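Biologist: Please take one part of this model and examine it closely, from its framework to the elements that surround it. I should like a connected account with the criteria stated.

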Amino acid sequence: MGHGRFCHPHIDIGQLGGLRFIGSTPRAYDGRMTGVALVTGVSGYLGSRLAGRLAADPTIGRVIGVDVVPPTGEQLNLLGRTEFVRADIRNPLISKVIAQAAVDTVVHASVTATPHNAGGRTPMKEMNVIGTMQLLAACQKADSVRRVVVKSTTAVYGNSARDPAIFTEDMSAYALPNAGYAKDAVEVESYVRGFVRRRPDVELSLLRFANFVGPYIDTPLTRYFQLPLVPVAFGFDPRLQLLHAEDAVEVLRLAATSSRPGTFNVAADGVLLLSQAIRRAGRIALPVPEPAVALVGRAVRRSGLVDFSPEQMQFLNFGRVVCNARLKTEFGYQPRFSTASAFADFVRRRPVLPVLSPEHQAWAGRAEAVALGLVAELDAGRSALSRRLLKWGAEHG
Amino acid sequence: MADARVIRLHPERDSENAKPLRSVRSDTASAETAETAETAETAEATESTGTAGSRAESSWERAAAAGLAFLRRRLTGDYQVDDFGFDAELTETAVVPLFKPLYEKWFRTEVSGVQHLPENSGALIVANHAGALWAIDAVMTAVAVHEETPGHRFLRMLGADLVFTTPVLAPLARKTGGTLACNPDAERLLAGGELVGVWPEGFKGIGKPFGERYKLQRFGRGGFVSAALRTGTPIIPTSIVGSEEIHPMLGNAKTLARLLNLPYFPLTPTFPWLGPLGLVPLPSKWHIEFGEPIETAKYGPESADDPMLVFELTDRVREQIQGTLYRLLTQRRSVWH
């Protein structure tokens, strides 16, 4: 392949659990600073913030942002000196961009979990899987590329009651995800492994992120917690492990600007039970019997309130917790927010978003009013009760 | 009454401010939840240092206040669970007290060998499994560990996957310290210094006919032994007597079991004939003995992959439990007392 001179002797390609690297301490990028960085998905929340941080770093020569849609107002302000290239990574054109700009660092942050944003499930899969394939093929061809960072997800561990309570990077799912975003991510990771085999000289960081929360990030999960009545699977109370969006951006930045190769679970410390999170968010759980979960999931999805795929409904049955020890020791990053504090920050600072998007408000307005009235009633009742309890407790205790 | 007590609680503050108590109280009540919680806690803390004279009348109130504080934390989600979903507060405040009467009054459980349980390090408790209807022997072992150990330790139980796919049962098992019986979980708990309980006979043990009572079934593949070896924690063979008689299993409705996707469907003298009443266990007299620990640290963690050693240790554990069971049975005067 002609890249032997860059070969890192310490890299060992693992099998199932992803990439395994021997050599534990993150090294300084031996003399080679990041010259030209390319960020995919730059119009997204994480992509735009990452590109903005990179652009603010004077040691980085150029920052190129790629996306199929141009960044909008708020993101535009964040991007700074980032050069935007409107390109589809499914198109071989991306190869030209990389070659012409002599890109040395590629951050692939465009793998998405939300079919709505991508225009449906089929385009989403195309973007995720074919896009990654094309991008990695372009990276493989470009000699200038020295470092690749891929954003993956802990969803690759699947959702099942038959799995260990805490996943480490070397474990694989009891049943491999066979649909949706999780399956895309599994496929993306298999291309990544192929890429590492073909270009062992490239430092590759594969980052498996837990579910994001934060005051401004918009994900199916944050929308879910903004529902007035939160549907949950009856008789199940999954453990949730989250990651604050700020921590996510910082981990991406560190991976892009310093040498931290390997596969890492990126998740906050600690867990919250779903019921606990709903209570902390001041919402009301609506238990749905298991056979109806899929139905309710579909209904919620059709209504456009929450873009919840079936495998995400599964996630609400069993939850998923990963071990972040390798992130702390080998990667060398301690998440600033724990799961609980990240969730608290989300609850405290979230902007008051309309529960319904404008096009749904017309027909759903009445239903909303009824539901909100009901919630207010229940909430008032509950808070009155807890207030009374508090008062009583304060007087007598 | 409230006024009188409060004055004793904050003598210096009241004399300094000379402020009417009522207004102090209402200020606190209207403040933020967190602050109120703090104040309530400090009040509780100060209360415990109160004079002996007030103790008799305030004990009930203290209990009520603690109960209310607990309820408030539940309502607002203000409690901690560990990575496995274990809710120590709920277990200690609600679940153990719920099963304690069953443990103390119904089964009159006697416990021996508590000195074999380490005070603050990890150990693997391996016990025989029985009871036909539900794993009540596991619950009783957990109560015994919590009640009898000086530090009121919790037992982290390893359960079958059926437990974690069953609605209601699944979250309850996690909240009370259970997790799936698999090596990664067991090793993580043991390495974290927890007391872990495992019933390696599984469904073969719990669903065996009454005629085979106290005969240990096969001990699986010895996964629990390799978990102990890898973490260097002692194995404590534990024998439970009394659990076999609570629901004498006379038959097994196999077709019904297959239909309901269960490993077996027990038929006992009372179940399912008496409906929910059939779930009431017979009041046998129980004895739980925590046996002499089997040390594993000397073999080293790499020995976990040595199948001969694993089988040998599995057999040793099994024989020790079986031997103790026979000894306890011969010492027993009657099933009921």
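Modeller: The account below begins with conventions, then treats the sheet of chain B, the helices on it, a helix pair and the contact between the chains.

The model is a predicted one, in which local features need pLDDT of at least 70 and side-chain atom pairs count only at pLDDT 80 or more, while totals for chains, interfaces and linings use all residues. Residues are numbered from 1 along each chain as its sequence is written, and chains are lettered from A and ligands numbered from 1 in the order in which they are written. The pLDDT itself is the predictor's confidence in each residue, from 0 to 100.

Chain B has 337 residues, of which 36% are buried; a residue is buried if 20 or more other C-beta atoms lie within 10 Å of its own, exposed if 12 or fewer, and partly exposed in between, with C-beta atoms placed from the backbone. Its secondary structure consists of 14 helices and nine strands, where helices (H or I, at least four residues) and strands (E, at least two) are DSSP runs numbered from the N terminus. Contacts join residues whose C-beta atoms, placed from the backbone, lie within 7 Å. Of the contacts in chain B between residues at least 6 apart in sequence, 74% link residues at least 24 apart.

The framework is an open sheet of seven strands in chain B, with the order β1-β9-β6-β2-β5-β3-β4 and mixed pairing. Two strands count as paired if DSSP finds at least two bridges between them. Strands β1 (110–112) and β4 (179–180) of chain B are the edges; each has a single partner strand, so one side of each lacks a neighbour in the sheet. Within the sheet, β2 (residues 123–127) and β6 (residues 235–241) of chain B run parallel and are joined by four bridges. One point on this pairing is Leu124(B), whose bridge partner in β6(B) is Ile235(B).

Helix α10 (residues 183–191) of chain B packs on this sheet, where it touches β2, β3 (155–159), β4 and β5 (195–198) of chain B. The direction of α10(B) makes about 150° with that of β5(B); axes are lines fitted to C-alpha atoms, for helices over the stretch in contact, and angles run from 0 to 180 degrees between N-to-C directions.

Helix α12 (residues 223–231) of chain B lies across β2, β5 and β6 of that chain and runs at about 165° to β2(B). Eight of the nine residues of α12(B) are buried, so that the helix is mostly covered. They are Phe224(B), Val225(B), Ser226(B), Ala227(B), Ala228(B), Leu229(B), Arg230(B) and Thr231(B). These buried residues pack against β2, α10, β5, β6 and α14 (307–331) of chain B. After α12(B) comes Gly232(B), which has a positive phi near 65°.

Chain B also contains a crossing helix pair. Two packed helices are described by the angle between their axes and the distance between the axes. The axes of α6 (residues 88–106) and α7 (residues 136–148) of chain B come within 10 Å and cross at roughly 100°. This makes α6(B) roughly perpendicular to α7(B); angles under 35 degrees count as roughly parallel, over 145 as roughly antiparallel, 65 to 115 as roughly perpendicular and the rest as oblique. From α6(B) the contact takes Val96(B), Phe99(B), Lys100(B) and Tyr103(B), and from α7(B) it takes Val139(B), Met140(B), Val143(B) and His146(B). By class, the residues of this contact are six nonpolar, one polar and one charged. Here Ala, Val, Leu, Ile, Met, Phe, Trp, Tyr, Cys and Pro count as nonpolar, Asp, Glu, Lys and Arg as charged, and the others, Gly among them, as polar.

Finally, chain B meets chain A. The contact draws on 36 residues from chain B and 29 residues from chain A. On the side of chain A that touches chain B, α9 (274–280) and α14 (358–396) of chain A each supply at least two residues. Helix α14(A) gives the most to that side, with nine residues. The residues of that side of chain A divide into 15 nonpolar, six polar and eight charged. On confidence, chain A has a mean pLDDT of 80, and 78% of its residues reach 70 or more. Residues 354–364 of chain A, however, have a pLDDT under 50, and the model gives this stretch 13 contacts beyond four places in sequence.

Methods
Two residues are in contact if their C-beta atoms, placed from the backbone, lie within 7 Å.
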